[in-house]
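Q: Please pick one part of this model and go through it closely, and then show how it sits in its surroundings. Plain wording is fine, with the cut-offs stated.

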Amino acid sequence: MSTTTAPETPTRTKDKAKAIASDRTAAENRLGLKLVAPAVVLMLLVTAWPMIQALYLSLFRYRLTAPDDRAFVGVDNYLTILSDDQFWKSTLTTLLIMVVTVAVELVIGFAFAMVMHRIVFARGLMRTSILIPYGIITVVSAFAWQFAFSLNNGFVNAWFSWLPWIAEDTNWFGDYWHAMFAIMVSEIWKTTPFMALLLLAGLAQVSEDMLEAAKVDGATWWQRLTKVILPNMRAAIMVAVLFRALDAYRIFDNIFVMTKGAEGTQSISFLTYRQVIEQMQLGLGSAMSVLLFLSVLLLAWLIVKLFRVDLAQARGEG
Amino acid sequence: MAPLAALALASGLLSACGGDSGPPELTWYINPDSGGQDAVAEKCSTDDYTISTQVLPQDAGQQRIQLARRLAAKDPEIDLMSIDPPFTAEFADAGFLAEVPQDARSQLEEQGTFKGAMDAATWKDKLVVFPFWSNTQVLWYRKSFVEKAGIDMSKPVTWDQIIDAANENDAKVGVQANKYEGYVVWINALVEGAGGHILQDADAGVDADITISDDAGKKAAEIIEKLATSEAAPADLSVSNEGTAGSTFGSDAGSFLVNWTYIWTNYDETAPDVADDIGYTRYPQTVEGEESRPPYGGIGIGVSAYSDEKDLALEAAQCLVSPESQGINADLTGNMPASTDGYDYPKLKETFPEDLLQLFQESVDAAAPRTVTPYWSDVSGSIQNIWHPPRSVDTDTPEQSKVFIEDVLKGDDLL
């Protein structure tokens, strides 16, 4: 059986738009520009300005508690960071968290989306309960899971000590893999509902007619899922992956609360925090922020290119 | 224009709350405690000013961050602040602190402020904070345990002895070894106890001489390695802090605990049978026969250089550190006074046995403060990076940490 996708609506090209632009639309466009101008200026003030300042500061050796020691060092800060193993170790840890959590969330999130989509009774209640974790602040979720995994008063050791690899006195924050597991569980628990929500929107776009037709043709449940539902949801899935991957790459709260970066669990954001906030190294820290920003951009570009995400289509602008 | 007008009105109202009516309000940023500093603030409020308190985070490192960020922005809302000794030099070096005036200095000397407390409060020959309380650690033990293990606690004991005793009797030794300042407190005490220092020549700033890799540092690493790899290590060793170590000590596996003075009253309400079973003695020796150097902790009260009411704040600080204030605070919190006169506060003698009060004073006298340097947070952070987790510590650790501290101080390595 071949893959079936809904025919794409032809996108309006620029030429076409120009051809039909009358005086009236031109005037409307001008008005539109004027109307968005204040917002654009405000955005520039609150986002572009700090970014430019970070770029500028990153060229200095500058420590908040030793302001007299400030000196221009060019790209030295970048060289220091890029030649440091901690930076690369943190990058690896961050990538590991991103890949594992997004993969797990995609699977569980899809299952949740199916439940939310198909459920007949108690629909509102079910949808709400699935979404609850997403409504909880990450720091709170991190503390809740830290207590759950805690050696002294957590329930995980007590409930699961029958498993061969969990003992009554397993210290979940005592080595890299255990700590990473705890961090990822908290991250997955908290953000799976978001993934489910994005996927639900995609599911809603899959035409019931196609599913009916596939059923009539004798397609099994598995065939309908892999040949009809998933291909038609591709855009939604890719947007969900993109959003979550970029979010996960910037993971901070869970690590801050659960391990404070101990046992090698620090992420790139956490390492940046340590330079800027703890060490008050504005220069080095700004350079790290710039690198973090660039790596997020690179990641976004890679995901868009690799998976050929069509953002316009996903927004329903097609 | 309406929102602007509303904003102007609101800010007018807010500023009205702060001042015009009644005496000026001095804001004192305090570390969390069980009400001692609040009581002292109330006692020291006069007709000229009232002192209100604002609570800082629990963790010493976080307290430093919050204060330093505000001070770097020249926040006039901070008048007084409770500062942990290792960060005093950094704040003073950055020009955040007003100098303690001569008459206040004389008062502090008259009331018998401990030398260690004065040293920790001094930066470049100037007194920059008012020593308020001075804490130290002693070795707490369970009387029933030492009886079972047959150890004579009337003589000084060594780390090797207590680890072996706990190991042989299926008990756990309580220490602080999470990745935080408290772990460096322990490491510093071990290094100093072996006659060494983490660093020397602190005046050289980033070029200070890092001496943690000397023999004393190696001895400290041996002890940590020995505990971490023995059965005497609590399961939560790598995340243990003052609180969790206290719980280990209070459990059936409790044997020995190094911890601050407030442990004495810690179990009175929650576990009276444990409270009856507590014994105490001098901090354990790193090297047999060499006098131990207990950790030094405490709080100094700093006056912000950016305060709008600097003179009043200096006057208030003088009252906050009076012997009586120190006594009231010690009675309520178990954080011991920074002066001999403070120890004379009558109620303290009801709460603490005479010999324990003596042990505290003797320990503060012998205590080894962490090196006074404006770069302490870098040094401490670097040590935490390399020495944590405790089970990874071996004889190479001191050398690795020396190299790493030097790189971090010179800005060649990320922390």
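A: A194(B) is a good place to start: it counts as buried because it has 22 C-beta neighbours inside 10 Å (buried means 20 or more other C-beta atoms within 10 Å of a residue's own, exposed 12 or fewer, partly exposed in between, with C-beta atoms placed from the backbone). The model is predicted, so local features need pLDDT of at least 70 and side-chain atom pairs pLDDT 80 or more, while totals for chains, interfaces and linings use all residues. Residues are numbered from 1 along each chain as its sequence is written, and chains are lettered from A and ligands numbered from 1 in the order in which they are written.

The loop that holds A194(B) runs between α9 and β8 of chain B (helices are DSSP runs of H or I with at least four residues, strands runs of E with at least two, numbered from the N terminus). Leaving aside residues up to four places away in sequence, A194(B) touches A216(B), K219(B), A220(B), T286(B), V287(B) and E290(B) (contact means C-beta atoms, placed from the backbone, within 7 Å). G243(B) is 49 residues from A194(B) in sequence, and their C-alpha atoms are 27 Å apart.

The elements on either side of this loop, α9 (181-193) and β8 (199-200), are among those that pack against the buried residues of α18(B), and that helix is the part to examine closely. α18(B) covers residues 376-387, twelve in number, and its first and last C-alpha atoms are 16 Å apart, close to the 16 Å expected at 1.5 Å a residue (the expected span is 1.5 Å times one less than the number of residues). Eleven of the twelve residues are buried, leaving α18(B) mostly covered. They are W376(B), S377(B), D378(B), V379(B), S380(B), G381(B), S382(B), I383(B), Q384(B), N385(B) and W387(B). In chain B their other packing partners are α3 (60-72), α4 (85-93) and α19 (397-409), and chain A contributes α13 (268-278).

One of these partners can be described further. α4(B) packs on α18(B) at about 135°, the axes lying 8 Å apart (axes are lines fitted to C-alpha atoms, for helices over the stretch in contact, and angles run from 0 to 180 degrees between N-to-C directions). That angle makes α4(B) oblique to α18(B), because under 35 degrees counts as roughly parallel, over 145 as roughly antiparallel, 65 to 115 as roughly perpendicular and the rest as oblique. From α4(B) the contact takes P86(B), F87(B), A89(B) and E90(B), and from α18(B) it takes W376(B), S377(B) and S380(B). These residues comprise four nonpolar, two polar and one charged (Ala, Val, Leu, Ile, Met, Phe, Trp, Tyr, Cys and Pro are nonpolar, Asp, Glu, Lys and Arg charged, the others, Gly among them, polar).

The loop between α18 and α19 of chain B contains P389(B). The peptide bond leading into P389(B) from H388(B) is cis, with omega near -5°.

The α13(A) partner leads to the other chain. Between the chains, 26 residues of chain A are in contact with 24 residues of chain B. On the chain A side, α3 (76-82), α4 (85-118) and α13 each supply at least two residues, and α13(A) gives the most, with five. That side is made up of eleven nonpolar, eight polar and seven charged residues.

In chain A, M280(A) sits in the loop between α13 and α14 (282-306). M280(A) is not a glycine, yet its phi is positive, about 55°, and it counts as buried because it has 21 C-beta neighbours inside 10 Å.

Another chain A residue that touches chain B is L151(A): its partners beyond four places in sequence are N157(A), D169(A), N171(A), A235(B) and D236(B). L151(A) lies in the loop between α6 (138-149) and α7 (156-160) of chain A and is buried, with 20 other C-beta atoms within 10 Å.

As for the chains themselves, chain B, which carries α18(B), has 19 helices and twelve strands. Its C-alpha atoms fill a box of roughly 75 × 55 × 45 Å along the principal axes, and 54% of its 415 residues are buried. Chain A has 15 helices and two strands, and 31% of its 318 residues count as buried.

Terms used. Two residues are in contact if their C-beta atoms, placed from the backbone, lie within 7 Å.
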